[in-house]
Amino acid sequence: MTETHIDREALSVLREVMEEGYPELLDTFLADSESRLGELQKTSDAKVLSAVAHSFKGSASNMGAVRLAALCQELESEAKDKSPSEIARLVADITGEFADVRPVYEDERQHALTH
Amino acid sequence: MSVVTEVSPDQKKLTIAVKGRFDFGRHQEFRESYERLDKKPESIVVDLKEATYLDSSALGMLLLLRDHAGGDESDIRVVNSSSDVKKILAISNFDKLFDIS
Amino acid sequence: MQAQEPLTVLIAEDSAADRLLLSTIVRRQGHQVLTAANGAEAVETFKEQHPDLVLMDALMPVMDGFEAARQIKVLAGEALVPIIFLTSLTESEALARCLEAGGDDFLAKPYNQVILAAKIKAMDRLRRLQATVLQQRDLIARHHDYLLNEQRVAKAVFDKVAHSGCLSAPNIRYLQSPYALFNGDLLLAAYTPAGDMHVMLGDFTGHGLPAAVGAMPLAEVFYGMTAKGYGLAETLREMNAKLKRILPVDMFCCATLLSLSFQSRSVEVWNGGMPDGYLHRMASGERVPLPARHLPLGILSAQAFDDRTDVYPMAVDDRVFLLSDGVIDTCDANDQLFGVERLQQVFAANREPDRLFEDIEQALRDFRGQARDDVSMVEVSLLESAQTHGAAPVYSDSGQSCPLNWSASFEFRGATLRRFNPLPFLLQLLLEVHGLRAQSGALYSVLAELYSNGLEHGVLGLDSSLKRDAAGFARYYEMRAARLEALQDGFVRVHLQVQPQGEGGRLVIRVEDSGKGFDVARVMERPVDNVRLSGRGIGLVRQLGRNASWSDQGRSASVEFFWEIEA
């Protein structure tokens, strides 16, 4: 399941680049993502949705969360055209996807601490 | 290249052909055409058939050539001058220093 | 491949995780990193820290990347601060916006560190190239300022030298561009002690300082020798020798020299390499061309130099017109030359001789569409000889030890007569006597007259009645040159005697020659004739000096000068 959601290659590159900074990066990403999700859930302004989705897409792609990035791209480009219910469903998908991949990053963090 | 040189097989005669405007821009090329030879030629021909224009820096270059080739002992002919070029050479009386045709 | 030099890189990115990731990547590549979380912070940090390169996120709060990039480019001024946009924007329009805002490149997310390193390297190369260009431009500008200043100084020095002459004399009209010196054009005029006038129009090869630098020693020779009474031939020889010695082989000076004698109503001409001058005879309207018969100055060695001049008679109001090649060489839009034919047309069409310059300038303007700034022209007329002379030579001694009681005799023989002109030397000798200085013009004229009579009529046996018309004039001077060249024997003697008398003193000049003499009585009887071209010499001597007399059948002439010491 995790294969289509997370690009493992990307993770190992990140690990190699960041070295001891890897845990901090993971923490920052998780914290940022939480707050972005919060913003997506409470707003209905298409512009705001689009901007937050854009930002989320950026860091998701950097972190190798490919499916999450794709979903954010969809929200970003179609926020202004979709109905409130369609938007709500997309936001839910994004929330769900994040919940799915979150354990991988937490795992990575555990792994880094002990090695 | 606007300055073309030709040395006779026995290295005794050097022909320097100047094409286009014979002016200050030709200075370097003209000097190199005679300074770099292994053996000093006995006679030199400056061919101006394709020279369209001659100014005082060209006259100066001819003087440098003459000085290099032995001054009063030099044998330099300036050939194929157009009428405009001939006029300039005539006013400056360079026919007293060079064989001009 | 050259190792990348460490740079200071500013990373402006609002996403904390992305900022952290990028900082680490860039730091690992050896650079120093500054960060900003929005556009406003980015601009502030740029102002304070002046990073070498900026990585800019496009969409940020407070101020977006586009606006921040615009402001940073303005702050950077002429220097190149590369801005690489960080973007996950996919539409090409959005990418175009990056470049329009002043971005130099963009980097897509997810970040690829290999691509990032390559882009940083490429941008840095451009940055350093721009820095080099600016540095060299500033160097060139500074150098240019030095050159301009040098030229200003040279021009100031030269103006002093040039204006010690008599270009403002009433019989001279000239036109010279303000930058003539830097086009190599030289115009000089000076009186001789006898009141004749020497004029020179010259044209050095090249432009700018090299041309100007040769002009100064030349001008010094011209003025110095003219003031001492040397003739054209000697002055030319000296100028040629000087230029040959000091100038590089490929530099020379084309020149036309004139010696106008108001007294003998003639002009002596030497033209080396200049365009034809013209002698305009008012009575007939004829314009006699004065072509270049010689090589320019500074080319031939002293032995090979040809100082032969041509002499033409002139009537009062006749003019000699000289011009530099700037006139003939004026081009129109199709690169056609103005040329000599058009100049001749202007001459032919000219109705008022005093407006000749204006006519020529107008013709040049019509031809070219605009005025040319490197044209030199001079017109010298022969006026009646009652002119004020130039300033007397300046002496540095106080006169306490001037010689008041002495005599000297000189004999100039054979071949010496051919080449040596003793007059300047004799004059200088006489001017050691302070009381005579006020009469230097008259002294020189009389000495010159007696000497040349002794040489030409006496030793060479020339008949001055030949000089009755223009053709005869030319013939006379040809014969003079030929006989002088062939001369073996003969002499001219000059005796000078100075004695105190009363409060002042007396000078007796006696000149003898080895010739056949002449019928003194007959010549004295002739009325003084102002129209004839010759025969006024005796009258001049009698007019300028006192107690003029001829003896030994005309072979010996004597004349006296007196002076009083001013109280």
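Trainee: How many residues does each chain put into the contact of chain C with chain B?
Mentor: The model is a predicted one. Residues count as in contact here when their C-beta atoms, placed from the backbone, lie within 7 Å. On that basis the contact takes 13 residues from chain C and, from chain B, 12 residues.

Trainee: Which class, nonpolar, polar or charged, has how many residues on the side of chain C that touches chain B?
Mentor: This side of chain C includes 2 charged residues and 3 polar ones. The nonpolar residues number 8.

Trainee: Which helix gives the most to the side of chain C that touches chain A?
Mentor: The contact between these chains takes 18 residues from chain A and 16 residues from chain C. The chain C side divides into 8 nonpolar, 4 polar and 4 charged residues. With 8 residues, the helix that gives the most to that side is α1 of chain C, residues 16-28.

Trainee: How are α1(B) and α2(B) oriented, roughly parallel or roughly antiparallel?
Mentor: Helix α1 (residues 27-35) of chain B packs on helix α2 (residues 56-68) of chain B with axes 11 Å apart and an angle of about 20°. Angles under 35 degrees count as roughly parallel. Therefore α1(B) and α2(B) are roughly parallel.

Trainee: Which residues of α2(B) make the contact with α1(B)?
Mentor: The crossing of the two helices is right-handed. The residues of the contact divide into 5 nonpolar, 3 polar and 1 charged. From α1(B) come B:His27, B:Phe30, B:Arg31 and B:Tyr34. From α2(B) come B:Ser57, B:Met61, B:Leu64, B:Leu65 and B:His68.

Terms used. Residues numbered from 1 in each chain as written. Chains lettered and ligands numbered in written order. Predicted model: local features only at pLDDT ≥ 70, side-chain atom pairs only at ≥ 80, totals over all residues. Contact = placed C-beta atoms within 7 Å. Nonpolar A, V, L, I, M, F, W, Y, C, P; charged D, E, K, R; others polar. Axes fitted to C-alpha atoms, helices over the stretch in contact; angles between N-to-C directions. Helix = DSSP H or I, 4+ residues; strand = E, 2+ residues; numbered from the N terminus. Parallel < 35°, antiparallel > 145°, perpendicular 65-115°, else oblique. Left-handed = near helix turned anticlockwise from the far one by under 90°.
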